[in-house]
Amino acid sequence: MWLIMAVFSAFFAGLTAILAKCGIKKTDSDVATALRTIVVLLFSWIMVFIVGSAGTITQISGESLAFLVLSGLSTGASWICYFKALSAGDVNKVVPIDKSSTILSVLMAVFLLGETEHLAVKLGGTMLLALGVFLMVEQKKTEGTKGKGIWMPYAAASAVFAALTAILAKIGISGVESNLGTAIRTVVVLVMAWLIVLLKGKLGQVREINRRELLYISLSGLATGTSWLCYYYAIQNGVVSVVIPIDKLSILITVAFSYVVFKEKLSRKAAVGLALMVLGTLVMAIWA
C-alpha cells in the first residue's frame with residue numbers, strides 16, 4: 001500500500017501544475033494563488049490532526065516560530081512566482097526550472113550547513129540536474145506562448161525561494177513536528193497571498209473569477225493536499241529511500257499531462273534533458 005501511495009503522491013504533485021495552468025488562463029495569478037492556498041491550508045491542518053500534533057503547538061520556541069514564519073514567507077514568494085511563470089510560459093519549460101530548487105538546496109546544504117557526506121555523489125547529481133534543466137529550457141518555443149521569455153525570471157525566482165524555504169527550515173526548526181510546521185507555514189502563505197491581492201487592488205477580481213477556472217484552481221489545491229497526504233502515508237509506512245525518488249519523479253507526470261492537455265511537445269534535446277534530470281534525482285535520492 002505504501003508503494004501505491006508514493007506513486008499517487010507523485011501523480012497528484014505532477015497534476016498540480018496542469019490544473020493550476022488551466023485555472024489561470026484569464027484569472028490573475030496572484031488571485032489564483034490566494035484562493036488555492038485556502039484549500040492547501042485545509043489539507044495541511046487535516047494532516048496535523050491525523051498525526052495528533054496539534055497539542056504541541058504551545059511548545060514551539062520563539063526562535064523556531066520565527067524561522068517557521070520566514071520559511072512561510074519564502075514558500076509564499078515561491079508559489080506566487082511559480083503561478084506568474086505558469087501564466088506566461090509553457091508548463092514543460094517552467095516546471096524543470098522550478099525543480100532546479102533541488103540543485104540550490106543541495107549546494108546551500110553543502111556550503112552553508114556543512115553537509116559534505118557523499119559529496120561526490122551530491123555534486124554529480126546536481127550537475128546532471130543542471131544540465132537537464134539547461135537542455136529542457138533551451139527547447140524550441142511554443143507558438144502563441146504569451147509573455148515570451150518573461151516567465152523565466154519568475155520560474156528562477158520560484159526555485160530560489162523554494163530552496164531557501166528548505167534551508168530556513170533545516171537551520172531553525174528543531175523539535176517541531178513536520179506536519180505542524182507545514183500547517184503553520186501555510187497560514188503565513190495564506191496571509192501573505194491575500195495581502196498581495198489587497199495591496200495590488202485585486203480583491204474585486206475574486207468576485208469576477210470565471211467559475212470554471214475557480215474549479216481548476218480549487219482542484220489544484222486539492223491535488224497538492226492529496227499529494228501531501230499520500231506522501232506522508234508512504235514515508236510513515238514504507239522505505240524512505242524508495243519513496244523520495246518516486247515523489248521527485250512527478251516531473252514525468254507533469255510533462256506527460258502538458259503534452260496531452262496543452263499539446264506541449266518535447267524536442268529531442270529537451271527529452272534528453274528530462275532524462276538527465278530524472279537520472280540526477282535518482283542518483284541523489286538513492287546514493288546520497
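Me: How many helices and strands are in the chain?
Reply: The chain has 13 helices and zero strands. Both are DSSP runs numbered from the N terminus, with helices being H or I of at least four residues and strands being E of at least two.

Me: And what am I looking at, source-wise?
Reply: This is a predicted model, where local features need pLDDT of at least 70, side-chain atom pairs count only at pLDDT 80 or more, and totals for chains, interfaces and linings use all residues. Residues are numbered from 1 along each chain as its sequence is written, and side-chain values use heavy atoms, with hydrogens and water left out.

Me: What radius of gyration does the chain have?
Reply: The chain has 18 Å, which agrees with the value near 19 Å for a compact globule of 288 residues. The radius is taken over C-alpha atoms, and the globule rule is 2.2 Å times the number of residues to the power 0.38. Along the principal axes, the C-alpha atoms fill a box of roughly 55 × 50 × 35 Å.

Me: What percentage of the residues is buried?
Reply: Buried residues make up 49% of the 288. Buried means under 20% relative accessible area, exposed over 50%, and partly exposed in between, with a 1.4 Å probe and protein chains only.

Me: New topic. Where is Ser220 found?
Reply: Ser220 is in helix α10, residues 211-237. Ser220 counts as buried because its relative accessibility is 0%.

Me: Which residues does Ser220 touch?
Reply: Not counting residues up to four places away in sequence, Ser220 touches Thr16, Leu19, Ala20 and Arg36. Contact means heavy atoms within 4.5 Å.

Me: Then Ala109. Buried or exposed?
Reply: Ala109 is buried, at a relative accessible area of 11%. Its helix is α5, residues 101-112. Leaving aside neighbours within four places in sequence, Ala109 is in contact with Gly114, Glu115 and Ile167.

Me: How far apart are the C-alpha atoms of Ala109 and Ala166?
Reply: They are separated by 9.3 Å, with the two residues 57 apart along the chain.

Me: How many disulfides does a search of the whole structure find?
Reply: Zero. A disulfide here is a pair of cysteine sulfur atoms within 2.5 Å. As for individual cysteines, Cys81 counts as buried at 12% relative accessibility, and Cys230 is buried with a relative accessible area of 7%.

Me: Back to the whole chain. What share of contacts comes from residues 24 or more positions apart?
Reply: Such pairs account for 90% of the contacts in the chain with a separation of 6 or more.
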